[in-house]
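Please open the model in your viewer and keep the sequence panel beside it. The tour below goes from one selection to the next and says what is to be found at each stop.

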Amino acid sequence: VNSAGRINQAAETDLITRSKDLETRIAHLEPEMCSKDEFHCGEENQCVSNLQVCDLINDCENGADEAAALCAPIAASGSTWAGTASWEACRTGSDTPFKVIITKFKQYTYFPGEVYLEATLHDHKEHVDYHTSGYLVLGSRNAVLLPSDDERLEDRLGLSCHFNDANTADCVILTESSLTECAHVTITRQQC
């Protein structure tokens with residue numbers, strides 16, 4: 001190979017190296033995922049606030065934040081969800097059946113992306129119901145249910161769930177006072 005060929009080959013190698021370096025630096029500047037308070041619009045590589053999801057306005061260029069499947073009431077009033085709680089703390093004993101019954105689902109017109117919920121948590125082992133209230137953020141598909149004020153202090157258990165789809169959610173049962181994770185449970189929608 002003559003010297004002109006070597007120079008061209010070196011220039012191509014240098015150009016490829018600089019191009020890869022530039023791609024790496026750009027990738028570090030652009031976030032790969034949205035923050036926990038944002039909804040990822042999909043292929044558009046766009047993020048919008050969870051508060052803008054299901055508000056009847058297409059904030060994503062592709063309209064993903066208003067998709068019918070996303071905005072459908074996944075935890076509608078009257079729905080029952082059940083699973084087996086694997087207790088890791090707070091109580092001793094084996095895994096126990098656990099049920100969540102949604103008693104109220106209220107979507108306000110001025111803030112439709114965050115839904116108010118009330119639910120009864122039924123612990124089959126203790127034969128007790130815990131009354132809770134909280135919210136479901138449609139953009140993140142996360143729900144938090146806190147114990148009501150009438151629950152006994154030592155029994156103030158809450159629930160934090162991520163809905164994987166319209167039929168399953170991964171949840172953590174925790175104490176209100178210390179946020180100790182007492183149990184994990186995957187709940188599935190029960191058919192009426």
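**First stop: a pair of cysteines**

Select Cys161 and Cys171, which form a disulfide with their sulfur atoms 2.1 Å apart, a disulfide being a pair of cysteine sulfur atoms within 2.5 Å. The torsion about the S-S bond of Cys161 and Cys171 is about 110 degrees, so this disulfide is right-handed. Cys161 lies in strand S8 (residues 157–163) and Cys171 in strand S9, so the pair ties together parts that are ten residues apart in sequence. Strands here are DSSP runs of E with at least two residues, helices are runs of H or I with at least four, and both are numbered from the N terminus. Colour the two cysteines by accessibility: Cys161 is buried at a relative accessible area of 7%, and Cys171 counts as buried at 2%. Buried means under 20% relative accessible area, exposed over 50%, and partly exposed in between, with a 1.4 Å probe and protein chains only.

This is a predicted model, in which local features need pLDDT of at least 70 and side-chain atom pairs count only at pLDDT 80 or more, while totals for chains, interfaces and linings use all residues. Residues are numbered from 1 along each chain as its sequence is written, and side-chain values use heavy atoms, with hydrogens and water left out.

**Along strand S9 to Thr175**

Stay on strand S9, which covers residues 168–175, and select Thr175. Is Thr175 buried or exposed? With a relative accessible area of 15%, Thr175 is buried. If its neighbours within four places in sequence are left aside, Thr175 is in contact (heavy atoms within 4.5 Å) with Cys90, Arg156, Leu157, Thr180 and Cys182.

**From Thr175 to Cys90 and Cys182**

Two of those contacts, Cys90 and Cys182, make the next selection. Cys90 and Cys182 form a disulfide, with their sulfur atoms 1.9 Å apart. Cys90 lies in the loop between strand S3 (80–87) and strand S4 (96–106), and Cys182 in strand S10 (residues 181–189), so the pair ties together parts that are 92 residues apart in sequence. This disulfide is left-handed, because the torsion about its S-S bond is about -65 degrees. Compare the two ends in the viewer: Cys90 is partly exposed, with a relative accessible area of 45%, whereas Cys182 is buried, at 0%.

**Across to helix H2**

Now select Cys54 and Cys71, whose sulfur atoms, 2.1 Å apart, form a disulfide. The angle about the S-S bond of Cys54 and Cys71 is -95 degrees, and the link is left-handed. Cys54 lies in the loop between strand S2 (47–49) and helix H2 (68–71), and Cys71 in helix H2, so the pair ties together parts that are 17 residues apart in sequence. Cys54 counts as buried, at 5% relative accessibility.

**Zooming out to the chain**

How many disulfides are there? The count comes to five, and when the bonded cysteines are numbered in sequence order the pairing is 1-3, 2-5, 4-6, 7-10, 8-9. Turn on the cartoon to see two helices and ten strands, which run from the N terminus as α-β-β-α-β-β-β-β-β-β-β-β. Of the 192 residues in the chain, 36% are buried. Among contacts between residues at least 6 apart in sequence, 35% join residues at least 24 apart. A surface view closes the tour: the chain exposes about 11700 Å², of which carbon and sulfur atoms supply 53%, with areas from the Shrake-Rupley method with a 1.4 Å probe and, for residues, only the protein chains shown counting as cover.
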